[in-house]
Amino acid sequence: MTLEEFQKDITSGIPAVLPPAREYNKDANHAPKRKDILTPKEKELALKNALRYFPKEQHKELAAEFAKELELYGRIYMYRLMPPYDLYARPVQDYPAKSKQAAAIMLMINNNLDKAVAQHPEELITYGGNGAAFQNWAQYRLTMQYLSQMTDEQTLVLYSGHPMGLFPSHKNAPRLVITNGMVIPNYSKPDDWERFNAIGVSQYGQMTAGSFMYIGPQGIVHGTTITVLNAARKQIKKHGGQIPGMLFVSSGLGGMSGAQPKAGVISGVVSVIAEVNPAAAKKRYEQGWVDEIYTSLDELLPRIKKARQNKEAVSLAYQGNIVDLWERLAADNIKVDLGSDQTSLHNPWAGGYYPAGVSFEEANRLMADNPQKFKMLVQISLRRQVAAINKLAEQGMYFFDYGNAFLLEASRAQADVLNKEGKFRYPSYVQDIMGPMFFDYGFGPFRWVCASGLAEDLAKTDEIALEVMRKMREAAPKEITGQLDDNILWIEKAGANKLVVGSQARILYADSEGRIKIALAMNEAIAKGELKGPVVLGRDHHDVSGTDSPYRETSNIYDGSSFTADMAVQNVIGDSFRGATWVSIHNGGGVGWGEVINGGFGMVIDGSDEARKKIEEMLLWDVNNGIARRSWARNEGALFAIKREMQRTPNLKITLPNIADDETIKEALKK
């Protein structure tokens, strides 16, 4: 397809003449069939809703086709409307647009649906089993058409993937405002999502799937690396030893979990990751994110022993069920130093977790045709998995929940995960590592994408970030020197570690000062022509301020507010009028629908003075909103960080807590 044909297809939106029906692509990694949850009347409603995108003369043909999709897959994806071009992050200038900002958004959308990046691209699922960019291909086509038409005085509004339309605004307003899954709280159970999504009125945007800020497994690999590194340091402090030769065991080679083997290698450990989906394991192996694949535990275990003896930094994938792996390790008394889990247990009944004892194919059939039996098998497997983990933990393994709702769903399955006080016996990685060491000090997953598509632009941004970090390290207080040292090491090795999958992107756990200084330096480099195109700034929603999630991001907040969502909502509102190019707010993400509220942003910088002002105003708020909330919760690191920021920023004035003495409280309650 020529560039002209590509541009014409985008500007055409939903074709006036229907393209021919597509053959089902048996070679693609498809989403599992969703369960049949709709009543007959609701199925009628689903068809009526889907047909709203098409003229009446096409309804008869499409109604039969969409009814068949609903029957076969549990959703209406509108496969017929898949674009004839390959979706990937083309250089920003290739997109037909009146607004440069809109062109950058189109680039980010196509990166989210790149088959090298997305988990189930033909179902518009980016990662996490159900983390969607759009509900159907009509929404994709219409959104791309609107973006090609918009000016810098319009804003596009997306309701759970549906483009409501272009509205007049102004050049300093966001070009795009996104909401995903924002349902009435009493209707936010997993089956509510199944129903609303099947009807076509809501979607699960995960975090960066529905906000178009996903950058492949690199998006989590830095956070996973510093988590594994600091977990290993905890083990050394407790038991002695060294990182080389340590064994890290976990599960998942999907969209986000696929970062684990690469993080293990960067950290210097032997990592063993189980993955039940052969297509996912093969994809990560072909991309170089896993070194070796084994289908036999009898072959895998001797390889683990050899890797440990040789102190190799190597990633080994077990193509099989994680329960079988844990049970074999426990039965053979294999010493495991670090353990976790990254199955998509936010979505346990629809492909996020596969039970032991049945094949991958049979499990996919059961989840749609016999969901009650599937649920029973999942819960049995969770109990078995926890029993094996408990045995290894008693022998010294440090196990942590990676924020995927593993402990939450295991507890609901009556697995032995609670201590005598009725709390989880294992910590969340945020409680032990990410929260007190990074989030409280303002360090989180800042990211950027070079819209030129040039690898040399990415290399130049790495140089810029490294120079900024080194200068900051010279004057940094001791409380954050460790974080900066890890960041410097990360960015020094980023190119050699070959982290890019899809767009020319980078992630770096930076604080407010670092993000602003790096972004300003990039903006200046664009102005000087040292970078050949604009840069898109963003972050994971899994950040200092972006997410309210009591079992993950806010699990180290102990003042009773971890179940409130003011921070995430305030954050997206504040970003919207301080310079964000687009903003999003989602129900669900990480630990599941109804369990979390999270938001994010994208900002296109182009070398202008206007971009400079937006960087200074918005990035300061985007981080310090969360530090302020964490400081009010009496978190020691956050109190240090917000006091330091107030010294740097005279206009920032934060309400600080007065700390009550425990004895005073106890004495008062006695009376």
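This section describes the overall fold of a predicted model and then a selection of its local contacts.

The model is a prediction in which local features require a pLDDT of at least 70 and side-chain atom pairs are counted only at pLDDT 80 or more, whereas totals for chains, interfaces and linings use all residues. Residues are numbered from 1 along each chain as its sequence is written, and side-chain values rest on heavy atoms, with hydrogens and water left out.

The protein contains 22 helices and 17 strands, these being DSSP runs numbered from the N terminus (H or I over at least four residues for helices, E over at least two for strands). Its radius of gyration, 24 Å, is close to the 26 Å that the globule rule gives for 671 residues, so the protein is as compact as a globular protein of that length; the radius is taken over C-alpha atoms, and the rule is 2.2 Å times the number of residues to the power 0.38. The C-alpha trace spans about 70 × 60 × 60 Å along the principal axes. Of the 671 residues, 62% are buried, where buried denotes a relative accessible area under 20%, exposed over 50%, and partly exposed the range in between, with a 1.4 Å probe and protein chains only. The accessible area, obtained by the Shrake-Rupley method with a 1.4 Å probe and with only the protein chains shown counted as cover for residues, amounts to about 26,500 Å², of which carbon and sulfur atoms supply 51%. Among contacts (heavy atoms within 4.5 Å) between residues at least 6 apart in sequence, 72% join residues at least 24 apart.

Aromatic pairs number 25 in the structure; rings of Phe, Tyr and Trp (its six-membered ring) are paired if their centres lie within 6.5 Å, with planes under 30 degrees apart classed as stacked, over 60 as edge-to-face and the rest as tilted. The pair of Phe 6 and Tyr 85 is edge-to-face, because the ring centres are 4.8 Å apart and the planes stand at 85°. Since Phe 6 belongs to helix 1 (residues 3-12) and Tyr 85 to the loop between helix 3 (59-73) and helix 4 (100-112), this pair ties together parts that are 79 residues apart in sequence. Both Phe 6 and Tyr 85 are buried, and Arg 90 lies over the face of Phe 6 at 3.7 Å from the ring centre. A charge is taken to sit over a ring if NZ of Lys or CZ of Arg is within 6 Å of the ring centre and within 35 degrees of the ring normal; the charged end of Lys 262 likewise sits over the ring of Trp 289, 5.3 Å from its centre. Elsewhere, ring pairs link Phe 248, Tyr 398, Phe 400, Tyr 402 and Tyr 429 into a cluster.

Ser 428 is located in the loop between helix 14 (406-412) and helix 15 (429-437) and is buried, with a relative accessible area of 5%. Its side chain reaches the backbone nitrogen of Val 430 at 3.0 Å, and a polar contact of 3.5 Å joins it to the side chain of Ser 555. Polar contacts are pairs of N or O atoms within 3.5 Å; within protein, one atom must be able to donate a hydrogen and the other to accept it, and residues adjacent in sequence count only if both atoms are side-chain atoms. When residues up to four places away in sequence are not counted, Ser 428 touches Asp 401, Tyr 551, Arg 552 and Ser 555.

Gln 218, in helix 7, is buried with a relative accessible area of 0%; leaving aside neighbours within four places in sequence, its contacts include Trp 289, Leu 499 and Arg 506. Val 314, in strand 9 (residues 314-319), is buried at 5% relative accessible area and lies 8.7 Å from Val 272, C-alpha to C-alpha, although the two are 42 residues apart in sequence.

Positive phi values occur at two residues other than glycine that are described here. Phe 212, with phi near 65°, lies in the loop between helix 6 (190-199) and helix 7 (218-239) and is buried, with a relative accessible area of 0%. Arg 634, with phi of about 75°, is placed in the loop between helix 20 (609-632) and helix 21 (636-648) and is partly exposed, at 46%.

Helix 22 (residues 662-670) is hardly covered, the count of buried residues among its 9 residues being 0. Asp 661 caps the N-terminal end of helix 22, with a side-chain oxygen 2.9 Å from the backbone nitrogen of Glu 663.
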